[in-house]
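Here is a short report on one protein model. Keep the sequence and the 3D view open as you read.

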Amino acid sequence: MKRRKMVATEELNLAPLIDILSNMLFFLMTTVSFLTLKTLNASVPAMAKPGEKVDTLDQVNVSVEVLPEGFVLKASGQPDDKSARRLELSKTIPRRSSGELDAKELTEELWEVKKVASSQKTVMIFPADGILFQDIVATMDATRDMASLVDPTKRVLLFPRPVLSELVK
């Protein structure tokens with residue numbers, strides 16, 4: 001009768017490795033600085049064939065600053081009607097006497113911008129430090145759409161692509 005050799009099976013002890021990884025994760029989480037997005041007032045280079053003229057000023061840039069005092073609406077650029085003069089708008093919309101942001105007035109002003117820049121879909125929103133989250137959401141709602149002037153049961157898109165300049169704290 002043959003004897004079988006006993007093969008010793010060794011298991012890898014993962015406890016020290018897990019301990020080191022958990023310590024590294026703890027130090028990583030305590031030293032990370034939280035992400036803050038910033039915007040640059042710069043445009044992306046336009047692609048064109050050699051010798052072809054590119055008009056980079058043909059888009060209307062719309063921005064809304066949300067401040068403790070109210071809104072500051074800015075719009076600049078060439079309207080869709082190329083024969084019209086360049087749009088340069090800067091309008092301050094103060095808070096109501098109750099302290100609430102005047103989202104209705106903002107929507108009405110954005111409608112005036114949308115009339116001359118119907119192809120524009122993006123709006124930049126710049127909330128100041130200390131602005132409440134609900135005020136930012138109300139601003140995004142005010143810039144997205146409005147009730148139709150013809151049929152109030154329908155909605156008309158204004159600027160459905162809001163872009164926030166910073167992460168909300």
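## A buried serine

S148 is buried, because its relative accessible area is 15% and the cut-off for buried is under 20%. This is a predicted model. Find S148 in the loop between β5 (145–147) and β6 (155–157).

What does S148 touch? Leave aside its neighbours within four places in sequence, and S148 is in contact with K154, R155 and V156. There is also a link to the backbone: a polar atom of the S148 side chain lies 3.2 Å from the backbone nitrogen of V150.

## The whole protein

Now step back. The protein has three helices and seven strands. Read from the N terminus, the elements run α-β-β-β-α-β-α-β-β-β.

The protein has 169 residues, and 24% of them are buried. It exposes about 13,200 Å². Carbon and sulfur atoms supply 59% of that area. Next, consider contacts with a separation of 6 or more. Of these, 56% join residues 24 or more positions apart.

## The sheet

Which strands make up the sheet, and in what order? Five strands form an open sheet, in the order β3-β2-β1-β4-β7. The pairing is mixed. β3 (87–94) and β7 (161–164) stand at the edges. Each has a single partner strand, so one side of each is left without a neighbour in the sheet. From one strand to the next, the twist averages 20°.

Look at one pair in detail. Strand β2 (residues 70–77) pairs with β3 in the antiparallel sense, over eight bridges. Pick F71 as an example: its bridge partner in β3 is I93.

## Helices on the sheet

Helix α2 covers residues 103–116 and packs on the sheet. It touches β1 (61–67), β2 and β3. The direction of α2 makes about 170° with that of β3.

Helix α3 covers residues 133–144. It lies across β1, β2, β4 (122–127) and β7. Its run is at about 160° to β4.

## Charged pairs

Side chains of opposite charge can pair when their charged atoms come close. How many salt bridges does the structure hold? The count is nine.

Start inside helix α3. R144 and D141 both lie there, three residues apart, about one turn of the helix. Their side chains meet in a salt bridge at 3.0 Å or less, namely 2.9 Å from N to O. R144 is partly exposed, at 30% relative accessibility. D141 is partly exposed too, at 37%.

Next, take R86 and E88. Their side chains meet in a salt bridge of 3.0 Å, N to O. R86 is partly exposed at 37% relative accessibility, whereas E88 is exposed, with a relative accessible area of 55%.

## A salt-bridge network

R96, E100 and D102 are linked in a network of salt bridges. Within it, the side chains of D102 and R96 meet at 3.3 Å, N to O.

Is D102 buried or exposed? D102 counts as buried, at 18% relative accessibility. The cut-off is under 20%, so D102 falls within it. R96 is partly exposed, with a relative accessible area of 37%.

Key. Residues are numbered from 1 along each chain as its sequence is written. This is a predicted model: local features need pLDDT of at least 70, side-chain atom pairs count only at pLDDT 80 or more; totals for chains, interfaces and linings use all residues. Side-chain values use heavy atoms; hydrogens and water are left out. Two strands pair if DSSP finds at least two bridges between them. Helices (H or I, at least four residues) and strands (E, at least two) are DSSP runs, numbered from the N terminus. Axes are lines fitted to C-alpha atoms, for helices over the stretch in contact, and angles run from 0 to 180 degrees between N-to-C directions. Contact means heavy atoms within 4.5 Å. Buried means under 20% relative accessible area, exposed over 50%, partly exposed in between (1.4 Å probe, protein chains only). A polar contact is a pair of N or O atoms within 3.5 Å; within protein, one must be able to donate a hydrogen and the other to accept it, and residues adjacent in sequence count only if both atoms are side-chain atoms. Accessible areas come from the Shrake-Rupley method with a 1.4 Å probe; for residues, only the protein chains shown count as cover. A salt bridge is a side-chain nitrogen of Lys or Arg within 4 Å of a carboxyl oxygen of Asp or Glu.
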